[in-house]
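Here is a friendly note to read alongside the model. Please keep the picture open as you go through the points.

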Amino acid sequence: QEQACCASLRALGVNKLITIGGDETCRAAMRVAAAAGDGLRVVHVPKTIDNDLPLPQGIPALGYETARHVGVGIVRDLLVDAKTTGRWYFLVTMGRNAGHLALGIGKAAGASLTIIPEEFQSGPPTLERIADTLVGAIIKRIANGRRDGVALLAEGLAAHLADDEARSLRRGADDSPIRLGELVLGDVLKQKVTEKLAALGLNQPIVSKDIGYELRSADPIPFDMEYARDLGYCAAKYLLEGGTNAVVTMVGGKFQPLAFQELGGQGVTFPMRPVSVDTEHYKIARRYMLRLRRDDFQSADLLARLSNVAKLSTDAFRQRFSYLVADEAPPIRFVP
């Protein structure tokens, strides 16, 4: 395929190529550049709402901020609806390889909690553990006097499940390759959480909803309008001055090419950029979330309130849910 692409470009007289897109487009650009050799100069403009390309730390991909902005509006509207109707929403957001978009939307909008694949440090996520995390959040919300909430779920959670669990999320029996967009993660979790709550004598209305295509089809916000002009200008200028085989980035307002061979992989592969759960950026987001925390099991009063909602003894509640805090980071300390 690379050779056919190179032949077509030569036939058209093209010797400079700018590609725009996410990881698959970037890998394709790298393969074409490797096949074409010196006959073609190639640069890639990183554009993906998943924000998972291995760019310099803190540098977003084009389109991410627009998708986050639109997602925040949707979540804020649903927070109002949830409050007035006493229901919970389970929102599955795009993010095939990482939880950047889900976390970015959830943190800015003030969602009740956000669950991303990167948070499972002690082992891969399972449907059971994700469902228990949601059940724990609902119980804690009731203990605080409310019966409403909005939980964001990164669709990449499904990609990290064991194959048998991932296949259980399909709408029908099919042995074809699994595509995340075809999985009903929200619906399955709604059913599992409803059953778990019913076993505790709790009845909680839940609505599952996917938000994805409406995020990536939105008009760009001013940040991305300006960002696109910067990246496009730098890409073209870099090619015209003889540059090649690089991803275009802007760091501190200055153009910084990221060579294909510096992306961190071998050949035409490279690792995706996950959410770093060791940063204050993530830890602060986690502190604002409504979910069971280590403190809940260390305070007799808090534990008694939670146990009362679940109609369990404190020992039974601890045994049932305390495993959920295994990956919780230690308290944030800024002063030694």
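The points below take up a helix contact, some aromatic rings and two charges over rings.

1. This is a predicted model, in which local features need pLDDT of at least 70 and side-chain atom pairs count only at pLDDT 80 or more, while totals for chains, interfaces and linings use all residues. Residues are numbered from 1 along each chain as its sequence is written, and side-chain values use heavy atoms, leaving out hydrogens and water.

2. Start with helix α1 (residues 2–11) and helix α2 (residues 23–36), whose axes come within 9 Å and cross at roughly 70°. The two helices are therefore roughly perpendicular (65 to 115 degrees). Contact (heavy atoms within 4.5 Å) involves E2, Q3, C5, C6 and L9 of α1 and R31, V32, A35 and A36 of α2. By class, this contact has 6 nonpolar, 1 polar and 2 charged residues.

3. Now look for aromatic pairs (ring centres within 6.5 Å); the structure holds 4 of them. F317 and F321 form a tilted one (planes from 30 to 60 degrees apart), with 4.8 Å centre to centre and 40° between the planes. Both residues lie in helix α14 (residues 314–321), 4 residues apart, or about one turn of the helix. Together with F297, F317 and F321 form one aromatic cluster.

4. F317 counts as buried (under 20% relative accessible area) because its relative accessibility is 0%. F321 is buried too, at 0% relative accessibility.

5. Finally, find the charges over rings (NZ of Lys or CZ of Arg within 6 Å of the ring centre and within 35 degrees of the ring normal). R320 lies over the face of F321, 4.5 Å from the ring centre. The charged end of R27 sits over the ring of F270, at 4.5 Å from its centre.

Definitions and conventions. Axes are lines fitted to C-alpha atoms, for helices over the stretch in contact, and angles run from 0 to 180 degrees between N-to-C directions. Angles under 35 degrees count as roughly parallel, over 145 as roughly antiparallel, 65 to 115 as roughly perpendicular and the rest as oblique. Ala, Val, Leu, Ile, Met, Phe, Trp, Tyr, Cys and Pro count as nonpolar, Asp, Glu, Lys and Arg as charged, and the others, Gly among them, as polar. Rings of Phe, Tyr and Trp (its six-membered ring) pair if their centres lie within 6.5 Å; planes under 30 degrees apart count as stacked, over 60 as edge-to-face and the rest as tilted. Buried means under 20% relative accessible area, exposed over 50%, partly exposed in between (1.4 Å probe, protein chains only).
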